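The following paragraphs lead the reader through a predicted model. They turn to the nonpolar interior, then to the cysteines, and finally to the surroundings of a ligand.

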Amino acid sequence: MDKALGDKIPEFNKKKSGGGDGVGLSGASLGLGDHRTKFEILIIILVAVVIIGGSEFLLKWFGVPQYVLPTPSQIVTALFTEWKFIWPHLLVTLYELLVGFAIGASIGFVLAAVITQFPFVEKIVTPYILLLVTTPMLALVPLLILKLGFGSEPRIIAVALASGPMVMINSATGFRRVDLAKIALARSFGASTFQIFTKIRIPMAMPMIIVGLMVGSIFGLLTTVGAEMVGGAEGLGNRLTYYSALIRMPQFFAVILILAIIGISIYVLFYWIGKKWASWEA
Amino acid sequence: MMDATHMRKAAGASDKRSTKMLVERATKYYQTRTGSVHALDNVSLEVRDGEFLCILGPSGCGKSTLLWSMGGLHDLTDGEIRLGPEKITKPHPEIAMIFQDANLLPWRNLAANIALPFELKRKPVDQERIDALLKRVDLWGFESKFPRELSGGMQQRASIVRSLSVNPSLLLMDEPFGALDAFTRDEMNLLIQEIWMETGKTIVFVTHSISEAIFLADRVAVMSARPGRIARIFDIDIPRPRPVDIQTRPDFIERVLHIKASIDHGRKPHVGLAIT
Ligand SMILES: Nc1ncnc2c1ncn2[C@@H]1O[C@H](COP(=O)(O)OP(=O)(O)O)[C@@H](O)[C@H]1O
Ligand SMILES: [Mg+2]
């Protein structure tokens, strides 16, 4: 017998129970907003052109020195000329982010799935997870470096610690939204507890899981870059401190441009995943 | 198929049939924080093979508790339920439930929703049977639609297809049309009568509507509340197929009033009637 169903006869035509206290973006803000018309997209592009062109023009017009603020064209030029020196660092950052996120997200997901099955355990554990969510894991990096050296390990751990709890707390919100009617339905067709988990609970929780993955990976990116700035000689974060120390501002902004592109790619990736796997809830 | 229909009509509603399911002295207490609720008290009920049995009663009288126990979804505190020689303690492949509101999975399209029972039973999908059923309930061509794109009536028709797709011999329906508007409800009642006549399945149908019960049933088991008991059983020998407008005929209304009176009997006169 599935524990959640027990003796209960679900109340139909009522909204599913639980949920609502996840940290992070709400399900609705997962999207890139409502559908945009061609006209609106045109305006968005136009604004970008005005900002980029305008700053290019103004910086040149007022003769702002490169070391104060480089022009967009200088930044893009630096990106191309410096690329051969930057891309190994990009790989390091991506590696740390991916490995740290994969570890953190898997642990967070499994923990959420297991813990929500035991309300008592969940009540005990949740405050600690919240503590992990709210404490900036960057603070641990100096300590981790002290213990583990200047390699990738301390940063991977920091990323896992930053993204895991985010994934966990949002997934748990998803898993808590039990719909007893759906569970009863599956059971009436002879579903096992495991089948109920894979065919009902996970799909039901999917929108919140995806939100957790999105927020978690963005948190992971922040932590990766921050941890690289704290210590070590590799990664895009390290390049930021490096270029700013040498006052090589076009290169500095080129790195920021790369980080922005990574961040947006993560967002777009999860937006599409959400569209594919969680659009039923919209 | 038609042979079964004719045989059924020839046999008549009150004909003696073998027992499909037997509920014996079913008693159920729910344990709650504020004490225990006595939901079923010594309920004994015979479901005959191939009959259309309606369980009628006001909200909260224990209809769902009884039906869900018959489906093996709940445990009883005392008594037992048997399907033939088998004791029902968990869901049984011969039994399918149909729930109030269609209870389709919103993340699956119609085809995937209907395939769910096969997936859960790890059996190949019987597409031929499903297609025939979809055509029968006028859902052919809607397989790629998602539940939110369908009307309430269409959703409930899909859930009927889902239940029938695995060919159960006993259908348990818990106020399946309670959330539908009156017109759709009439349509659905006609449809379920036709399906019952064509397939020869045994149907136990829970409702709180007296006229729905009389329209559909061979027998109406009226339940009384607190604790839930079977108060009386009425034979409904109206010939089939029964058209919808039968409900406005004097003899039909006569039956409604008769059952209503039997429910009112024993109540304090000023207590309003929860049944419509
Ligand atoms: N899980 C439960 N815990 C406690 N009481 C319950 C539970 N389920 C139903 N009941 C109570 O049992 C009685 C019968 O409920 P139910 O079988 O749902 O009635 P019906 O389907 O006729 O409306 C009601 O008084 C209801 O409040
Ligand atoms: Mg009920």
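The largest nonpolar core of this predicted model comprises 91 residues. Within this core, the residues with the most contacts are B:Met21, B:Leu66, B:Met70, B:Val204, B:Val220 and B:Ile259. The element that gives the most to the core is helix α6 of chain B, spanning residues 182-199, which contributes 6 residues. In soluble globular proteins, nonpolar side chains tend to be buried together.

B:Val204 may serve as an example of the contacts found here. Leaving aside residues up to four places away in sequence, B:Val204 touches B:Val47, B:Leu53, B:Ile55, B:Leu67 and B:Met70. The residues it touches also include B:Leu170, B:Leu171, B:Leu172 and B:Met173. Apart from the largest core lies another core, of 26 residues. Among the members of this other core are A:Ile75, A:Leu259, A:Ile262 and A:Ala278.

The cysteines come next. How many disulfides are there over all chains? The count is 0, a disulfide being a pair of cysteine sulfur atoms within 2.5 Å. B:Cys54 is in no disulfide, and the nearest cysteine sulfur, which belongs to B:Cys61, is 13 Å away. Is B:Cys54 buried or exposed? Its relative accessible area is 0%, and B:Cys54 is therefore buried. B:Cys61 is likewise in no disulfide, its nearest cysteine sulfur being that of B:Cys54, at 13 Å. With a relative accessibility of 1%, B:Cys61 also counts as buried, because the limit for a buried residue is under 20%.

B:Cys61 leads on to the ligand, for a polar backbone atom of B:Cys61 is 3.2 Å from an oxygen atom of ligand 1. Where does ligand 1 lie? Ligand 1 is located between chains A and B. It is surrounded by 16 residues, of which the closest are B:Gly60, B:Gly62, B:Lys63, B:Ser64 and B:Thr65.

Two of these closest residues can be followed down to single atoms. For B:Lys63, a polar backbone atom is 2.9 Å from an oxygen atom of ligand 1. For B:Ser64, a polar side-chain atom lies 2.7 Å from an oxygen atom of the ligand. Taken alone, ligand 1 exposes 560 Å², and the protein buries 74% of that area.

Which elements of chain B each supply at least two residues of the shell around ligand 1? They are β1 (19-32), β2 (35-48) and α2 (63-70). The element giving the most to this shell is α2(B), with 3 residues.

Note on methods
Residues are numbered from 1 along each chain as its sequence is written. Chains are lettered from A and ligands numbered from 1 in the order in which they are written. This is a predicted model: local features need pLDDT of at least 70, side-chain atom pairs count only at pLDDT 80 or more; totals for chains, interfaces and linings use all residues. Side-chain values use heavy atoms; hydrogens and water are left out. A nonpolar core is a set of buried Ala, Val, Leu, Ile, Met, Phe, Trp, Tyr and Cys residues joined through side-chain atoms within 4.5 Å. Buried means under 20% relative accessible area, exposed over 50%, partly exposed in between (1.4 Å probe, protein chains only). Helices (H or I, at least four residues) and strands (E, at least two) are DSSP runs, numbered from the N terminus. Contact means heavy atoms within 4.5 Å. A residue is near a molecule or strand if one of its heavy atoms lies within 4 Å of it. A polar contact is a pair of N or O atoms within 3.5 Å; within protein, one must be able to donate a hydrogen and the other to accept it, and residues adjacent in sequence count only if both atoms are side-chain atoms. Accessible areas come from the Shrake-Rupley method with a 1.4 Å probe; for residues, only the protein chains shown count as cover.
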